[in-house]
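This report is a short first look at one model. It takes up confidence, then a few individual residues.

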Amino acid sequence: MATMTTEALRLPGGARGLSLPATLDGGQAFRWRPLEDGSWEGVAGGRYLRLEARGEDLFLSGPGGEDAAFWRNYLDLDRDYPAIWERFRRNPPLRAALERCPGIRVLRQDPWEALCTFILSANNNIPRIRGIVERLCQGWGEAVEGTGLRAFPAPEALAPLAEEDLAPIRAGWRAEYILDAARRVSDRRLDLEEVAALPTPEAEKRLLEVKGVGPKVAQCVLLFGFARVECIPMDVWMKRAMAELYPKGMPGYLRPYGGIAQQVLFYDVRRR
């Protein structure tokens, strides 16, 4: 566990309608873990944070906990989720899923980290992805001040490596794809700031140029790394759920927030 600061920053109302377990352990991010006291700790954007919900308030502590603006954005606290959930409740399958799994938000993650972690997610399971990501960070990430942890490695740190250098992280055939992504981002063949400004179809097309990035991974990166909440990644779980719940496709009134709906359904199906 990281060394903690003595005072926690309080975000009034920040925990209202927010489930930390469903949000942080729902397969969208891989560097959070629960602590025995019910709080969560993790690293994002090179910052360490310990998160705790007390009633409707959210408490941030740790060396990175003073940057409230960063964490408000990361946790998507300024989006009107209650209004989105009201829309979802008009749909029986989503209403049932929300009753079982309330409080899920879609995190606004760093695009580069999202690209790497979802390349690693291909044909993989969540515990194994977490292990690979942690070994990658320990090997090439910068030290996070005030903790024994490391940040997610920059593309420039990975670009010079050979596949055999990544053997210790046990990523298998995905190592080639991680290195291709790192080289493209570091030499600006894939400019993530430029991708962020593109319409979604064009942004997806650019991501598909990276080795190992197919439609599912590209949609994950757009949803979790670029906040394109209309994107609906389709893995095995979601294909089964969609075939069962929406054989004619997701209703049009859900599609502007289809990625959030997908995350609710994914978490619900995975738990059951």
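The text below covers confidence in the model and three loop residues.

This is a predicted model, in which local features need pLDDT of at least 70, side-chain atom pairs count only at pLDDT 80 or more, and totals for chains, interfaces and linings use all residues. Residues are numbered from 1 along each chain as its sequence is written, and side-chain values use heavy atoms, with hydrogens and water left out.

The average pLDDT (the predictor's confidence in each residue, from 0 to 100) of the protein chain is 94, and 98% of the residues score at least 70. In residues 1–6 the pLDDT is below 50, yet this stretch has 18 contacts in the model beyond near neighbours in sequence. A contact means heavy atoms within 4.5 Å.

Helices (H or I, at least four residues) and strands (E, at least two) are DSSP runs, numbered from the N terminus. Ser19 sits in the loop that joins strand 1 (9–11) to helix 1 (20–24). Apart from neighbours within four places in sequence, Ser19 contacts Pro102 and Gly103. Ser19 counts as buried because its relative accessibility is 17%; buried means under 20% relative accessible area, exposed over 50%, and partly exposed in between (1.4 Å probe, protein chains only).

Most residues other than glycine have a negative phi. Two residues with a positive phi are listed here.

| Residue | Phi | Loop between | Relative accessibility |
|---|---|---|---|
| Asn123 | near 50° | helix 5 (111–120) and helix 6 (126–140) | 72%, exposed |
| Arg188 | near 70° | helix 8 (174–186) and helix 9 (192–197) | 52%, exposed |
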